[in-house]
Amino acid sequence: MKLSRFYPVFDSSEWIERLVPLGIELVQLRIKDCQEEHVRAEIKKAKALCAQHNCTLVINDYWQLAIELGCEWVHLGQEDLDTADITKIKQAGLKIGISTHDDEELLRACRLEPDYIALGPVYPTILKKMKWHQQGLEKVTEWKGKLDQTPLVAIGGMSVERAEGAFLAGADIVAAVTDITLNSDPEARIKEWLNACKNVSNEATV
Ligand SMILES: Cc1ncc(COP(=O)(O)OP(=O)(O)O)c(N)n1
Ligand SMILES: Cc1nc(C(=O)O)sc1CCOP(=O)(O)O
Ligand SMILES: [Mg+2]
């Protein structure tokens, strides 16, 4: 399976409906602090939209709903791992992405044999409060050296302008939120992202 180099993360199906048709091939639905019924409805909408546009959908956090609704991917953070049933997720055929921020977390993630590993925040992020300030591109290179075949996602403060540096440092995929959602012209920004990522040689293989 091939994964796109560009991995936008959105907090609603509305963003997916608006931007995925522009050519996004990999997207995450990351909904926080909402009732489960709302999240269920949002996943259903996102799933239909992504199927229509041949885009791989990753569900953040809500692994039970992802199984229930027949999704193909989940993203789990370290806190999510405390309660997630990895065996059940894998038996249901879902692929798994895991966040990491330090060596201990990387070791824990690798033991679970995920389908990608994310490292962040590569640059400072304004999206959420984190105890890690910024990892830097050196850490991206270090992580890439520690991973064998597992694709590496760079996240946190990523922008079109910073993407090339992250790829050169060893990232297989670059994920971004506010560079798109806070842009005055999100559609134009997506086109810039797609352009910046299209010349990166071959796609990450999962
Ligand atoms: C691609 C990607 N990387 C990291 C995260 C962060 O996941 P997590 O640590 O569980 O934090 P929340 O996103 O749940 O706040 C992610 N979602 N996607
Ligand atoms: C959701 C998330 N997880 C991170 C991590 O380091 O695990 S950084 C991050 C926020 C990414 O948003 P932006 O592109 O706006 O900085
Ligand atoms: Mg999480």
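This is a short walk through the structure shown above, from its core out to its ligands and loops. Keep in mind as you look around that the model is predicted.

Let's start on the inside. The largest nonpolar core has 55 residues. Within that group, Ile-59, Val-153, Ala-154, Val-174 and Ala-175 touch the most other members. There is a general idea behind this: in soluble globular proteins, nonpolar side chains tend to be buried together.

Take Ile-59 as a place to stand. Which residues does Ile-59 contact, once its neighbours within four places in sequence are left aside? The list is Leu-29, Ile-43, Leu-65, Ala-66, Cys-71, Trp-73 and Val-74. Try clicking through them one at a time.

Now hop over to Ile-98, which you'll find in strand 6. Is Ile-98 buried or exposed? Ile-98 is buried, because 27 other C-beta atoms lie within 10 Å, and 20 or more is what it takes to earn that label. Skipping neighbours within four places in sequence, Ile-98 is in contact with Leu-76, Ala-109, Leu-112, Pro-114, Ile-117 and Ala-118. Leu-127, on the other hand, sits 29 residues from Ile-98 along the chain, and their C-alpha atoms are separated by 18 Å.

Next, a pair of helices. Helix 7 covers residues 136-146 and helix 8 covers residues 160-169. Their axes come within 8 Å and cross at roughly 35 degrees, and the crossing is right-handed. So who meets whom? From helix 7 come Leu-137, Val-140 and Thr-141, and from helix 8 come Gly-165, Ala-166 and Ala-169. The residues of this contact divide into four nonpolar and two polar, with no charged ones.

While you're in helix 8, look for Phe-167. Phe-167 has 20 C-beta neighbours inside 10 Å, so it counts as buried. Not counting residues up to four places away in sequence, Phe-167 touches Val-174 and Val-200. You may remember Val-174 as one of the core residues that touch the most other members. Phe-167 and Thr-141 are 26 residues apart along the chain, with 9.5 Å between their C-alpha atoms.

On to the ligands. How many residues surround ligand 1? There are 16, and the closest are Gly-77, Ser-99, Ala-118, Ile-155 and Ala-175. Two of those names have come up before: Ala-118 is in contact with Ile-98, and Ala-175 touches many members of the core, being in the group that touches the most. By class, the shell around ligand 1 has five nonpolar, seven polar and four charged residues.

Ligand 2 has 14 residues around it, and Gly-120, Thr-125, Gly-156, Val-177 and Thr-178 come nearest. The shell here is made of six nonpolar, six polar and two charged residues.

Gly-120 deserves another look. The peptide bond from Gly-120 to Pro-121 is cis, with omega near -15 degrees. Pro-121 lies in the loop between strand 7 (116-119) and helix 7. Gly-120 is also a contact of His-101, as is Trp-132, leaving aside residues within four places in sequence. His-101 sits in the loop between strand 6 (95-100) and helix 6 (103-111). With 19 other C-beta atoms within 10 Å, His-101 is partly exposed. From His-101 to Gly-77 is 24 residues along the chain and 9.8 Å between C-alpha atoms.

A couple of other loops hold backbone oddities. Asp-61 has a positive phi of about 70 degrees although it is not a glycine. You can find Asp-61 in the loop between strand 4 (56-60) and helix 3 (63-68), where it is partly exposed, with 19 other C-beta atoms within 10 Å.

Asp-33 is not a glycine either, and its phi is positive at about 55 degrees. Asp-33 lies in the loop between strand 3 (26-29) and helix 2 (36-52). Why is Asp-33 called exposed? Because Asp-33 has 4 C-beta neighbours inside 10 Å, and 12 or fewer is enough for that label.

Finally, step into helix 2, where you'll find Glu-37. Glu-37 has 8 C-beta neighbours inside 10 Å, so it counts as exposed too. Glu-37 and Leu-65 are 28 residues apart in sequence, and 10.0 Å apart in space from C-alpha to C-alpha. Leu-65 brings us back to where the walk began, since Leu-65 is among the contacts of Ile-59.

Key
Residues numbered from 1 in each chain as written. Chains lettered and ligands numbered in written order. Predicted model: local features only at pLDDT ≥ 70, side-chain atom pairs only at ≥ 80, totals over all residues. Near = placed C-beta within 6 Å. Nonpolar A, V, L, I, M, F, W, Y, C, P; charged D, E, K, R; others polar. Core = buried A, V, L, I, M, F, W, Y, C linked by C-beta atoms within 7 Å. Contact = placed C-beta atoms within 7 Å. Axes fitted to C-alpha atoms, helices over the stretch in contact; angles between N-to-C directions. Helix = DSSP H or I, 4+ residues; strand = E, 2+ residues; numbered from the N terminus. Left-handed = near helix turned anticlockwise from the far one by under 90°.
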